[in-house]
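Subject: Handing over a structure

Dear colleague,

I am passing on to you the structure that I have been going through, and below it you will find my notes on what turned up. Please have it open beside you as you read.

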Amino acid sequence: MHSVTHEPINYDPADPAHRVLPWPMYRRLLEEAPVHRTTATTPDGEDFYLLSRYDDVAVALRDRRQFSSHVRRGDFLDLPIMVNRDAPDHTRLRRVTNRAFGPRALSTLNGWIQQTVEELVDDLLAQRSVEFVDQFSTALPLRVVGGMLGFPMERKAEMQRWSQAVIEVFSVMGGLDPEQVPGFFEDFMGLVGYIDELAAERVGCPHRGDILSDLVSRRESGDVDHDEMVGLGWSYVAAGMETTMNLLGGGVRMLLEDRELGRVLAADPDRTDDFIDEYLRLYTPTPWLLRRAEVDVDLHGTVIPRGALVHALLAAANRDPRKFPDPDVFDLDRPNKEDHMAFGAGPHFCPGAVLGKMFAGRAFRALYPHLDRMSIDPDRPPRLRSRPGTYGIEHMGVLIEPASRADVA
């Protein structure tokens with residue numbers, strides 16, 4: 001049990017210090033204020049409530065009677081996407097998404113994803129010094145997600161910027177002052193316009209085998225309207241990239257700093273899923289999800305009034321000692337690590353979770369045999385992302401030793 005301080009809790013998601021080191025704040029919320037009302041720091045003066053304990057976050061994500069996912073209504077952020085809709089609209093959009101990211105669709109991509117991983121690993125190992133985030137942990141999801149959507153790869157730089165803009169849109173939906181993320185809306189509208197353009201090219205044409213072609217056919221059959229088609233397209237960009245990008249960067253950092261862990265996984269690659277789950281629990285890339293209280297909700301002696309905005313803190317819940325003993329410790333053998341909520345829970349469980357874990361797992365397996373050749377560049381140490389919305393590494397230099405003659409032979 002952590003000691004209790006008497007200083008007021010000042011939760012400010014816009015504070016860069018909190019974004020790079022949120023754990024002390026989460027510990028205080030978990031122990032002192034499991035339901036915490038913020039002061040009015042948002043542009044529209046709306047307070048919001050924080051839920052940090054695992055069981056409470058699980059209720060917020062699963063109990064549709066008490067909590068709604070349709071958090072923005074009747075304004076410019078009332079976006080026609082799954083994270084901002086309840087059943088039956090959410091169910092309909094989820095059905096379309098499951099077709100795009102379901103087992104049948106992914107089974108056809110196995111060979112291509114493996115080839116993409118191997119090409120990127122070969123490119124990496126051919127160099128002596130790399131910026132790992134740009135050249136691998138960002139490049140891999142860009143290629144996979146961009147390829148699945150049907151984006152031409154020459155738009156790689158825009159995709160990365162657009163993905164960040166989508167995350168910033170979600171942050172503004174949660175109350176972040178737009179002035180904290182200048183240019184986000186212009187970038188976001190650039191992505192919306194580009195997807196609209198690509199979709200228009202596919203109307204009346206043979207199916208190209210990509211997700212955008214499938215969305216266009218769903219639009220033509222009446223399963224989704226035009227705005228929903230475009231909304232699904234742009235939301236897939238960030239959903240497919242952000243978690244995996246941060247998992248790859250942070251996971252490789254962990255393997256390069258904990259050589260014994262790298263040797264354990266290299267000797268038993270079947271433990272990769274254990275590694276991924278425990279990493280995601282400990283360093284949850286998407287820190288929170290949004291809900292609206294549908295009724296007055298009484299938790300721990302605090303009433304969250306009907307209509308209030310709620311931040312369900314996934315990253316705090318994943319370090320709740322009531323659920324995960326010694327929560328700040330990475331434990332590959334933790335028996336309940338799969339219970340983490342890094343991908344959410346309930347009806348809105350991330351539909352891209354299987355895809356993300358699949359190609360991240362293949363990337364780690366491809367890198368295990370070469371970890372002894374890799375080391376973090378002391379002149380370019382890992383730097384955490386300070387822009388809002390996700391937790392992960394923004395830059396990390398990695399040095400790579402040439403392969404020995406024995407390796408080449």
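Please keep in mind throughout that this is a predicted model. I begin with the salt bridges, and with a pair that is easily found in the viewer: E119 forms a salt bridge with R143, with 3.4 Å between the closest N and O atoms. Because E119 belongs to helix α6 (residues 110-125) and R143 to helix α8 (residues 139-149), the pair ties together parts that are 24 residues apart in sequence. E119 counts as partly exposed at 35% relative accessibility, and R143 likewise counts as partly exposed, at 28% relative accessibility.

A second pair brings K357 together with D277 in a salt bridge whose closest N and O atoms are 2.9 Å apart. Here distant parts of the chain are linked, since K357 sits in helix α16 and D277 in helix α14 (residues 272-282), 80 residues apart. K357 has a relative accessible area of 21% and is partly exposed, whereas D277, with a relative accessible area of 5%, is buried. Salt bridges that share partners also join R271, D274, D333 and K337 into one network.

The third pair is E31 and R322, which form a salt bridge with the closest N and O atoms 3.3 Å apart. Since E31 lies in helix α2 and R322 in the loop between α15 (314-317) and α16, this pair ties together parts that are 291 residues apart in sequence. E31 is buried, with a relative accessible area of 16%, while R322 counts as partly exposed at 45% relative accessibility. In total the count comes to 28 salt bridges, of which I have described here just a few. As background, side chains of opposite charge can pair when their charged atoms come close.

Next, the cavities. How many cavities of 30 Å³ or more does a search of the whole structure find? The search finds five, and the largest of them has a volume of about 780 Å³. Its lining is made up of 38 residues, and those nearest the centre of this cavity are V83, F170, A239, T286 and L289. At least two lining residues come from each of α4 (89-101), α9 (156-173), α12 (226-257), β5 (288-293) and α16 (353-367), and α12 gives the most, with nine residues. Sorted by class, the lining of the largest cavity holds 22 nonpolar, 13 polar and three charged residues.

The second largest cavity has a volume of about 190 Å³, and of the 21 residues that line this second cavity, P13, R19, P287, W288 and G389 are the closest to its centre. Helices α1 (16-20) and α2 (23-32) each supply at least two residues of that lining, which by class consists of 12 nonpolar, eight polar and one charged residues.

For the chain as a whole, there are 17 helices and 12 strands, and the C-alpha atoms fill a box of roughly 70 × 60 × 40 Å along the principal axes. A compact globule of 409 residues would have a radius of gyration near 22 Å, and the protein chain agrees with this, having 21 Å. Of the 409 residues, 54% count as buried. Among contacts with a separation of 6 or more, 69% are between residues 24 or more positions apart.

Finally, there are some points of backbone geometry that you may wish to look at for yourself. Most residues other than glycine have a negative phi, and most peptide bonds are trans. The peptide bond from A87 to P88, however, is cis, with omega near 5°, and P88 is found in the loop between β3 (67-68) and α4. H300 has a positive phi, near 55°; this residue is placed in the loop between β6 (297-299) and β7 (302-304), and at 46% relative accessibility H300 counts as partly exposed. D326 also has a positive phi, near 45°, and lies in the loop between α15 and α16, where D326 counts as exposed at 59% relative accessibility.

With best wishes

Conventions: Residues are numbered from 1 along each chain as its sequence is written. Side-chain values use heavy atoms; hydrogens and water are left out. On a 1 Å grid over the protein atoms alone, a cavity is a set of points where a 1.4 Å probe fits but cannot get out, and a pocket is an open set with protein on both sides within 12 Å along at least five of seven lines; lining residues have an atom within 4 Å of a point. Grid points are joined across faces, edges and corners, and a volume is the space filled by probe spheres set on the points. Helices (H or I, at least four residues) and strands (E, at least two) are DSSP runs, numbered from the N terminus. Ala, Val, Leu, Ile, Met, Phe, Trp, Tyr, Cys and Pro count as nonpolar, Asp, Glu, Lys and Arg as charged, and the others, Gly among them, as polar. A salt bridge is a side-chain nitrogen of Lys or Arg within 4 Å of a carboxyl oxygen of Asp or Glu. Buried means under 20% relative accessible area, exposed over 50%, partly exposed in between (1.4 Å probe, protein chains only). The radius of gyration is taken over C-alpha atoms; the globule rule is 2.2 Å times the number of residues to the power 0.38. Contact means heavy atoms within 4.5 Å.
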